[in-house]
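Here is a briefing on one protein chain, arranged by topic. Please keep the sequence and the 3D view open while reading.

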Amino acid sequence: IQLAIAAKLLPVEHVANFLTNHDMDRVMGQLGNDVNKAKRAATLLFTAPGTPFIYYGEELGMLGQKPDEDIRLPMQWSAAANAGFTTGTPWRAPAADYASKNVAAEMGDSNSLFAHYQALIAVRNAHSALRTGAGFKVTSSNGAVLGLLRANADEAILVVNNLRDEPISDYRLTMETGLLVAGVTYASQPIWGQGPFAAPTINAAGGFVNYQPSATLAPGETLIIQLTPP
């Protein structure tokens with residue numbers, strides 16, 4: 001999977017992120033048609049610094065690989081003829097899985113990939129740090145755990161991802177420098193994931209060392225935590 005990000009020197013609002021586009025094999029195929037992996041990829045896309053772009057059908061898990069014509073098949077709106085794309089004759093037939101993988105079907109399924117995208121968009125819209133906040137590198141003692149702090153003048157949000165299909169209890173997060181206030185006890189409020197979460201101890205450089213917000217990360221789990229000063 002590729003998370004394409006523009007030059008690091010650009011302001012956050014000028015960074016364009018995407019998983020795949022019209023010239024690339026669709027991300028769902030690259031992930032072996034695994035919905036859980038596609039959800040993780042979407043989570044990384046929507047929490048990274050910059051503006052996320054979605055290639056149509058990506059939110060449904062549409063498949064397609066080279067040649068280009070098979071990456072650009074009709075959008076799968078419903079289980080109706082021609083995937084609900086047209087009452088005429090499309091330039092290419094829809095993918096074979098359109099009867100089960102379409103907007104109408106996934107809108108009615110709270111566990112679908114489409115619902116996951118909707119939830120991520122809602123969280124991003126509700127929190128300015130995920131839209132315009134700078135990104136601060138968070139290292140982990142466990143290579144399967146990916147952390148990132150997003151922060152602006154209004155809020156600080158920590159994102160923690162378990163990239164494995166197994167639980168992880170041995171991980172420590174470190175952000176050596178940041179903009180958190182030393183000596184202040186931040187409340188760790190859950191935005192995504194089940195709390196309660198431990199509060200970090202802020203060092204003199206505005207970061208934290210060996211922070212573990214929860215005892216265990218479930219397989220593939222993401223935590224999005226708002227760090228709120230008193």
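Helices and strands here are DSSP runs, H or I over at least four residues for helices and E over at least two for strands, numbered from the N terminus. On that basis P196 falls in the loop between β7 and β8. The model is predicted. The protein chain holds five helices and nine strands. Its C-alpha trace spans about 65 × 35 × 30 Å along the principal axes.

**Overall layout**

- Read from the N terminus, the elements run β-α-α-β-α-α-α-β-β-β-β-β-β-β.
- Seven strands make up an open sheet, and the pairing is antiparallel.
- The strand order across this sheet is β7-β9-β5-β4-β3-β6-β8.
- At the edges sit β7 (187-192) and β8 (208-211), each of which pairs on one side only.
- From one strand to the next, the twist averages 25 degrees.

**Strand β3 and its partners**

- Residues 134-140 form β3, and residues 145-151 form β4.
- These two strands are antiparallel and share five bridges.
- The connection from β3 to β4 is a hairpin of four residues.
- Two residue pairs help to locate the register: F136 has L149 of β4 as its bridge partner, and V138 stands opposite G147 in β4.
- Strand β3 also pairs with β6 (residues 173-175), again antiparallel, through two bridges.
- On that side, S140 stands opposite L173 of β6.

**Around F136**

- Which strand holds F136? F136 belongs to β3.
- With neighbours within four places in sequence set aside, F136 contacts L148, L149, A151, M175, T177, G178 and L179.
- One of these contacts, G178, is 42 residues from F136 in sequence.
- The C-alpha atoms of F136 and G178 are 6.8 Å apart in space.

**Helices across the sheet**

- Helix α2 (residues 35-47) lies across β4, β5 (156-162) and β9 (222-228).
- Helix α2 runs at about 160 degrees to β5.
- Helix α4 (residues 113-126) lies across β7 and β9.
- The angle between α4 and β7 is about 140 degrees.

**Aromatic pairs**

- How many aromatic pairs does a search of the whole structure find? The search finds three.
- One of them is F46 with Y117, an edge-to-face pair.
- The two ring centres are 5.8 Å apart, with 90 degrees between the planes.
- Planes over 60 degrees apart count as edge-to-face.
- F46 lies in α2 and Y117 in α4, so this pair ties together parts 71 residues apart in sequence.

**Second largest pocket**

- Rolling a probe the size of a water molecule over the atoms shows where empty space is left.
- The second largest pocket has a volume of about 150 Å³.
- Its lining consists of N36, K39, R40, T43, H116, W192, G220, E221 and T222.
- Which element gives the largest share of this lining? Helix α2 does, with four residues.
- By class, the lining of this pocket has five polar, three charged and one nonpolar residue.

**Backbone details**

- K66 and P67 are joined by a cis peptide bond, with omega about 10 degrees.
- P67 lies in the loop between β2 (51-53) and α3 (103-107).
- A83 is found in the loop between β2 and α3.
- Although A83 is not a glycine, its phi is positive, at about 60 degrees.
- Another cis peptide bond runs from G195 to P196, with omega near 0 degrees.
- P196 is in the loop between β7 and β8, and both of these strands are edge strands of the sheet.

Notes:
Residues are numbered from 1 along each chain as its sequence is written. This is a predicted model: local features need pLDDT of at least 70, side-chain atom pairs count only at pLDDT 80 or more; totals for chains, interfaces and linings use all residues. Side-chain values use heavy atoms; hydrogens and water are left out. Two strands pair if DSSP finds at least two bridges between them. Axes are lines fitted to C-alpha atoms, for helices over the stretch in contact, and angles run from 0 to 180 degrees between N-to-C directions. Contact means heavy atoms within 4.5 Å. On a 1 Å grid over the protein atoms alone, a cavity is a set of points where a 1.4 Å probe fits but cannot get out, and a pocket is an open set with protein on both sides within 12 Å along at least five of seven lines; lining residues have an atom within 4 Å of a point. Grid points are joined across faces, edges and corners, and a volume is the space filled by probe spheres set on the points. Ala, Val, Leu, Ile, Met, Phe, Trp, Tyr, Cys and Pro count as nonpolar, Asp, Glu, Lys and Arg as charged, and the others, Gly among them, as polar. Rings of Phe, Tyr and Trp (its six-membered ring) pair if their centres lie within 6.5 Å; planes under 30 degrees apart count as stacked, over 60 as edge-to-face and the rest as tilted.
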